[in-house]
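User: Could you take me through this structure, please? I would like to begin with how the chains meet.

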2 protein chains.
Amino acid sequence: MEPLDYLAEERSKASFDVEEMKIVWAGSRQAYELSDRISRLVASDPVFRKDNRTMLSRKELFKDTLRKTAHAVKRTVELNLSEEESSTLWNYVDQPAYANLHWGMFIPAIEGQGTEEQKQKWLPMAYKMQIIGCYAQTELGHGSNVQGLETTATFDPQTDEFVIHSPTLTSSKWWPGGLGKVSTHAVVYARLITNGQDYGVQGFIVQLRSLDDHSPLPGITVGDIGMKFGSGAYNSMDNGVLRFDHVRIPRDQMLMRVSQVTREGKYVRSDFPRQLLYGTMVSVRQIIVSESSIALSRAVCIATRYSAVRRQFGSQNGGPETQVINYKTQQSRLFPLLASAYAFRFAGEWLQWLYTDVTKRLQANDFSTLPEVHACTAGLKSITTSATADAIEECRKLCGGHGYLSCSGLPELFAVYIPNCTYEGDNTVMLLQVARILMKTVSQLVSGKKPGGTTTYLGRVEHLMQCHCEVQRAEDWLKPSVILEAFEARAARMSVTCAKTLSGFSNLEEGFAEISSDLVEAAVAHCQLIIVSKFIEKLQQEIPGKGVKTQLENLCNVYALSLLHKHLGDFVSTGCITPEQSALANEQLRLLYSQVRPNAVALVDAFNHTDHYLGSVLGRYDGNVYQKLYEEAWKSPLNDTDVPDGYHEYIRPFLKQHFRTARL
Amino acid sequence: MEPLDYLAEERSKASFDVEEMKIVWAGSRQAYELSDRISRLVASDPVFRKDNRTMLSRKELFKDTLRKTAHAVKRTVELNLSEEESSTLWNYVDQPAYANLHWGMFIPAIEGQGTEEQKQKWLPMAYKMQIIGCYAQTELGHGSNVQGLETTATFDPQTDEFVIHSPTLTSSKWWPGGLGKVSTHAVVYARLITNGQDYGVQGFIVQLRSLDDHSPLPGITVGDIGMKFGSGAYNSMDNGVLRFDHVRIPRDQMLMRVSQVTREGKYVRSDFPRQLLYGTMVSVRQIIVSESSIALSRAVCIATRYSAVRRQFGSQNGGPETQVINYKTQQSRLFPLLASAYAFRFAGEWLQWLYTDVTKRLQANDFSTLPEVHACTAGLKSITTSATADAIEECRKLCGGHGYLSCSGLPELFAVYIPNCTYEGDNTVMLLQVARILMKTVSQLVSGKKPGGTTTYLGRVEHLMQCHCEVQRAEDWLKPSVILEAFEARAARMSVTCAKTLSGFSNLEEGFAEISSDLVEAAVAHCQLIIVSKFIEKLQQEIPGKGVKTQLENLCNVYALSLLHKHLGDFVSTGCITPEQSALANEQLRLLYSQVRPNAVALVDAFNHTDHYLGSVLGRYDGNVYQKLYEEAWKSPLNDTDVPDGYHEYIRPFLKQHFRTARL
Ligand SMILES: Cc1cc2nc3c(=O)[nH]c(=O)nc-3n(C[C@H](O)[C@H](O)[C@H](O)COP(=O)(O)OP(=O)(O)OC[C@H]3O[C@@H](n4cnc5c(N)ncnc54)[C@H](O)[C@@H]3O)c2cc1C
Ligand SMILES: Cc1cc2nc3c(=O)[nH]c(=O)nc-3n(C[C@H](O)[C@H](O)[C@H](O)COP(=O)(O)OP(=O)(O)OC[C@H]3O[C@@H](n4cnc5c(N)ncnc54)[C@H](O)[C@@H]3O)c2cc1C
């Protein structure tokens, strides 16, 4: 028997080689094969089942998470998986857990900030998970402003120890993942105080729980901070609260790569360049950008498949109704998101390269590109995560009523994704940092300093301030050079306008504060330019496979022209394009939508998501939506009995008029 | 002892009379006093406690909802509350339940579509809740397209009965609130078939469950459809699935006000004007608009208070850090939402008047204003709910990490609010209907037909197509006439452009489909104009109270100018304003933010929300955020024990190396 495929006709319409596109999406054939293999492995393992996740109570969910984590490690060992394979497996398990923080933050913090001795002492235990750690930076009162943390680590020369203490309520550690119930250890960030002087925030390795019975050590108050957004979602994580009551740790548990405290309590800075620490931040944010494309691709895949299955209105002579994906309104909401998924994917790929490049330079003591790389990752982190968060919710709305059901997968995807806009740098704070670097770059132009990297275009600022877009017909908008120049001109003009306004202030900081929301917009324009230009660069490479490049060109144009439409005010009010040219861009965009339409389902198939990973009845590969929705309903715990608990106390008395009633 | 108030200083800064503003917000002194009294009543009643709601399992939550509903009815009777008081009480209970559908849809459907006889038979039982009903329209396969419903009601002249049947999987009723576990009856929409002919969709009263033991009647399959977005939130409702297997009901259970089926099976249409049925739709959508302002006001209240409490960065010489509400980026994200809350409030007030007006006209057989009123409510429903949904999530982000905690109240508010964008008319579908009426209005201009109501401005289309905005200095943007003309010109030009493009198509429907996303944008422009103009009209009335009018003027200007900034592309590309004028608008907006800033906390106090209703640790009236966050954490079920369930199986073996481990 042929397997059921309600989307077969859609698939047959595609005018490109989906298998080749899968490889482009994955980055390489090897990466594709690896993720394909591992995703199937996870999907077929009953322990990793997640379809009932939103129905579990918090305790059940948490236990389920512990179980999955242990099982993931077990499978990794049994199958002798490589590091890449096992992290891929863990991604496909798709359930936030303490392991993310242990491997992703605790260990890297020691690797990055520990001395050789410290690494030799702690890392082997951590690698074997004989200790489990988390990253305890944020406090109740301080998140974004790390320098404002209040926890203290006071050196006691008498005992050669640090005394870790929470002097105020707001100094309570708050948020660290894995802290609440699992971690035995933490890297705790605290103000180093020695000889009565405050040397600012440093990292310390602190044991929190007994390795025998897991109970909190004396002086330690630790617990979970409670429910977070949504059901399922990030509630699998034990984000924690932690207070110290004069907890003593040996001096050598301060992470001492960058600065030390001597036996006598003297504070000494090593010659290790502080900038190297930024490498980790760049690395984490680069991963967040890559992951944004994955989260977005899941949402878009669900909405696209369902939009091809869903029919509403437009039946002619009793024939089938119109697939909602054929409505231009649906297309103009959905296809820019599809294009964004690809755009963010390539931006992420490029950032990964950038990270490798800057790491090499740092190792060679070349710090020259660091500020720009820093701005670039902070900015891309901000705009890709904001766009992805909005896009997931838009995809949900595109699914009409059924998108509101947990089994559509979209509510949980949204709930688990959105903290990306806040952690690892609040998105607004990030954009303000980008704006600072842009303003600095612009102000240095007069002195003849040539900007590099992604700010290179600012070196052509004179041209960009007065160039005119040459578009005369709709198809002129398909030229990459035209698009690029429009985006460069917009970004340059917005930055220069801000810089001019700033120069009118006697106090630069005041000026910066006053026009900060214009600065944020300039930063957004700059970051969007980066994404557009990296997409265009990608298309200058050779890309094999029938029709693959054409599809990507269409998507690149959809991405750029839909952004142009969305931010039309920027482009027109700075004179980068005329109203007539904007109308032509819109006309071209409509034509592009028609070209994307027959390929839409194949373009989301190219993400190669398993049904398990998607976790969505609406996004099923076979499009068998209604049957499965119907079956899913009966799993509701309320359907355990015909007559609900509470009927006798609270409903029957109405019906039998044992309650007196009144209109509510 | 003085009660604690961390926001006292903020409150002392306000330059207007908050008590008077409360009355403006509530609509009248009487309305204010009523809602103040009832909200305190609910807040002080332990049964209505909701702070633990997101931690309940689905079954517990559902039972809690039944309990609260019964208790609300009981209190209503005991206190002998008026209809207005009891519906206010129910609003403050703030937990979606079957009662909403019983009173809000089931009863009105019978009142509106039943004959006098039917009303006499059914309504007394329904009013007393001897029967409980729901509104069963949507099916798995059809929501927006009601005419496509598949459930059949076939007349059997032999027995004088209708046979209600679900012929396909997709004909299963799906979504009706209160259907899953509670309703004994439903108004079921089904295709009327008699004498082999299909007369389209009609309403039927169908009993679903035994009034003795609540078990589903023979031929009825009914249940809950499962988890929906979020925890707590709309999961208190038993949205249901329902299938009929040839269920027989007497002929007189078809709602026969508009059309009848005779004993012989003849279909007869009464002379009752069908248009009257639209009245209900207008009424429901008008309520949704009013409720949007309430939901928005809650989110804005939380974000504003917390932004005044939260301090981050900017400490000088060890002094306190900057309140985040002082950052211009925070203001430019938050204050437009604060202004929108007031704008939507007044739009809702006006819609309520419009509804009364159209009801009077309908009763006098004057249907002339109906299409316009219909467009207007559909459009405002769409733009206020979309804006509110986005705004709630923006408010959550404005609270940084802590906004992600359930106890911030924002996750649940978002989850429970968003279906407003979908039910009672999908927002995109609504805007397309508005666009249709706009296009009709424009096309009739040539024939000299004078448009009325909210489309009156289109009668001045010639002027609006070529007028120039006269703004020369930033403060010129404060003139209501200037703002109004800019919004009118923008809306008119967008509509006319669409109409011109349409006239280029030989097939109008094809044209409409092709440019539908431009049409949606024109509809948005039209609806935003309505809101701006109703706000301005409100300010032409006398408004007592020191400084109250000045504050509202500021908010009106913030609303209009922030919209102008957001949709700058529309205004500039249609030549309604110049880039220079847009820069002046921005300058003025910044000045306005400075004027709103000292009044912000008082402006949200004016909503008069109790802490119970807000349900937010971050939004507490007294600003005692950190203490309460800390206390809240310990209520997490994971904190019941120090060592979590699952430790022995899944964590300890790592620590003791009974598991072999590997990097994830
Ligand atoms: C799910 C989740 C997991 C987390 N995991 C960890 C973890 O494992 N370890 C850990 O240490 N922490 C963790 N955190 C904490 C996280 O890093 C912080 O929440 C984040 O840094 C944001 O800081 P904040 O909460 O202080 O936001 P705030 O800075 O208080 O933000 C509030 C508002 O103020 C604005 N704002 C702040 N400063 C400025 C400024 N200078 N200019 C303009 N606007 C400003 C922001 O834009 C925002 O709108 C986690 C948080 C979450 C939500
Ligand atoms: C919480 C909740 C409670 C509900 N309660 C009830 C209830 O009590 N009783 C009841 O009967 N129903 C109820 N409903 C159902 C609700 O009325 C429908 O979900 C709603 O009408 C939307 O219809 P749909 O789901 O078919 O969306 P669809 O129409 O399938 O929408 C899917 C997508 O198609 C697009 N689309 C559809 N038609 C067009 C078109 N012509 N042109 C362009 N785009 C189009 C939409 O914009 C959307 O993006 C409820 C739903 C929810 C979520």
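Analyst: The answers below start with the interface and then turn to the annotated domains and one residue. This is a predicted model, in which local features need pLDDT of at least 70, side-chain atom pairs count only at pLDDT 80 or more, and totals for chains, interfaces and linings use all residues. Residues are numbered from 1 along each chain as its sequence is written, chains are lettered from A and ligands numbered from 1 in the order in which they are written, and side-chain values use heavy atoms, with hydrogens and water left out.

User: How many residues of chain A and chain B take part in the contact?

Analyst: Chain A supplies 142 residues and chain B supplies 142 residues, where contact means heavy atoms within 4.5 Å.

User: And how much area do they bury between them?

Analyst: About 12900 Å² is buried between chain A and chain B, with 63% of it on carbon and sulfur atoms. Buried area is the accessible area (1.4 Å probe) that two parts lose on being put together, summed over both. In chain A, the residues that lose the most area to chain B are Tyr404(A), Arg663(A) and Leu664(A), together 8% of what that side buries.

User: What is the count of salt bridges between chain A and chain B?

Analyst: There are twelve salt bridges between chain A and chain B, each a side-chain nitrogen of Lys or Arg within 4 Å of a carboxyl oxygen of Asp or Glu. One of them joins Asp518(B) to Arg590(A), with the closest N and O atoms 3.1 Å apart.

User: Which rotation superposes chain A on chain B?

Analyst: A rotation of 180° with 0.0 Å of shift along its axis does so, at an RMSD of 0.0 Å; the fit is by least squares on the C-alpha atoms of residues with pLDDT of at least 70 in both. That is the relation of a two-fold axis. The copies meet through the same surface, because 100% of the interface residues of chain A are also interface residues in chain B.

User: Changing topic, which residues does UniProt list for the Acyl-CoA oxidase C-alpha1 domain?

Analyst: The unreviewed UniProt entry lists residues 278-439 of chain A; positions are in the numbering used here, feature names are shortened, and annotations may be inferred rather than shown by experiment. Residues 278-439 of chain A are 73% helix and 0% strand. Helices (H or I, at least four residues) and strands (E, at least two) are DSSP runs, numbered from the N terminus.

User: Lastly, where is Arg251(A)?

Analyst: Arg251(A) is in the loop between strand E9 (247-250) and strand E10 (259-261) of chain A.
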